[in-house]
Amino acid sequence: MHSLDRLKGISPFVAAVEQGSFTAAAESLHLSSSAVSKSVAKLEARLGSKLFERTTRSLTLTDAGQAFYDTCTRVLNELAEAESVLAAQRTIPVGKLRIAVPNTFGRMRVMPLLNAFCQQNPEMQINLAFSDRFVDLFEEGIDIAVRIGGPAEYPASLGFRFLGNERLIFCAAPHYLAQYGTPQTLEELSKHRAIVYDRVDGSTSPWHIAAPDGRIAPRRIAYRMALGDGEAQTSAVAAGLGVAQMATWLMEKQLANGELVEILPELAVTGLPLYVIWPRRKQLTPKVDALLAALEGLSIT
């Protein structure tokens, strides 16, 4: 049976219980008394249970009728609450949002925007998951995910916004370069102590080098340290332990205050893309729209 068919007869039944008679229920629903009586009779026939003990003067609920009435009122109250929430959403975002973000990028870039979003929308309840793996939005009940990397296109079931690409540069601490020299070529750079990123799958991130034809080719290198956290990698380079190729969003402060300096700027290349993705069926939800608008402020250049 279709779920909408199950709602037929509920309103007349509930009204009859609350008004005490079919006649009073009919008046409250602007129906005839016979229409209410027939509706309740059809409901009893469909349920296979007697809901009322009828006398000429009153209606009394049977045990089955009382249990069904309790369920009906709970369902109707939940529907009324849902309507209230939707009405409120037309003016202010309300409700729960489950969000998935990459570990380091989530802490450094998403959290400041999310903090401001929560201050502006106090009726929102946020669940934020940090993970560098590609989460399955449908399987894990995620409303919005921020993703670095991934396909250029997504399936029709997912909405997405492309927010730019990383910029990868080579960098080192000034005191490291003072001790070991500043490389002038890629060959010289390759002889320095490398600090690389240790991926979730156990592999290490190669250097990305622009080929003569413009394509970016990976180059595996010997390394001194492999760290599975971007902030730890930045810290190690700033401590003078070696050179690294990293995204500029990771080390903006260190570049600005001189803790790190760029090496061979002509070797800077485009890195991974940044996307915000969400289940397309949720796109018109005001709370999702509001957060998508807030996340447009993300930048990784």
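In this predicted model, a good place to begin is where helix α5 passes helix α10 in a right-handed crossing. Helix α5 covers residues 103-120 and helix α10 covers residues 286-295, and the two pack with their axes 10 Å apart at an angle of about 130°. That angle is why the pair is described as oblique. On the α5 side, the contact is made by Val 110, Leu 113, Leu 114 and Phe 117, while α10 brings Lys 287, Ala 290, Leu 291, Ala 294 and Leu 295. Sorted by class, the residues of this contact are eight nonpolar, no polar and one charged.

From the helix pair, let us turn to strand β11, which runs over residues 244-247 and holds Gln 245. Is Gln 245 buried or exposed? With a relative accessible area of 12%, Gln 245 is buried, because that value falls under 20%. Its side chain still has a polar partner: it reaches the backbone nitrogen of His 208 at 2.8 Å. Setting aside residues up to four places away in sequence, Gln 245 touches Leu 168, Ile 169, Phe 170, Pro 206, Trp 207, His 208, Gln 233 and Val 269.

One of those neighbours, Gln 233, takes us to helix α8, residues 230-238, where Gln 233 is buried along with Gly 230, Thr 234, Ala 236, Val 237 and Ala 238. Both ends of this stretch are worth a look. At the N-terminal end, Asp 229 acts as a cap, with a side-chain oxygen 3.0 Å from the backbone nitrogen of Glu 231. Just after α8, Gly 240 takes a positive phi of about 85°.

Positive phi values also turn up in residues other than glycine. His 30 has a phi near 60° and sits in the loop between α2 (22-29) and α3 (33-47). Leu 264 has a positive phi of about 45°, and its loop links β12 (261-263) and β13 (269-279). Their surroundings make a nice contrast: His 30 counts as exposed at 74% relative accessibility, whereas Leu 264 is buried at 9%.

Next comes strand β4, residues 124-130, where you will find Asn 127. At 27% relative accessibility, Asn 127 is partly exposed. Leaving out residues up to four places away in sequence, Asn 127 touches Lys 96, Leu 97, Arg 98 and Ile 99. Asn 127 and Glu 153 are 26 residues apart in sequence, and their C-alpha atoms are 27 Å apart in space.

Arg 98 appears again when we follow the chain to the loop between β4 and β5 (144-148), the location of Asp 143. What lies 2.7 Å from a polar atom of the Asp 143 side chain? The backbone nitrogen of Arg 98 does. Asp 143 itself is buried, with a relative accessible area of 8%.

Our last stop is Ser 203, in the loop between β7 (195-197) and β8 (207-210). Ser 203 is partly exposed, with a relative accessible area of 23%. Apart from neighbours within four places in sequence, Ser 203 is in contact with Tyr 197 and Asp 198. Ser 203 can also be placed relative to Arg 107: the two are 96 residues apart in sequence and 23 Å apart in space, C-alpha to C-alpha.

Definitions and conventions
Residues numbered from 1 in each chain as written. Predicted model: local features only at pLDDT ≥ 70, side-chain atom pairs only at ≥ 80, totals over all residues. Heavy atoms only, no water. Helix = DSSP H or I, 4+ residues; strand = E, 2+ residues; numbered from the N terminus. Buried < 20%, exposed > 50% of the residue type's maximum accessible area, 1.4 Å probe, protein only. Polar contact = N/O pair within 3.5 Å; in protein donor to acceptor, adjacent residues only side chain to side chain. Contact = heavy atoms within 4.5 Å. Axes fitted to C-alpha atoms, helices over the stretch in contact; angles between N-to-C directions. Parallel < 35°, antiparallel > 145°, perpendicular 65-115°, else oblique. Left-handed = near helix turned anticlockwise from the far one by under 90°. Nonpolar A, V, L, I, M, F, W, Y, C, P; charged D, E, K, R; others polar.
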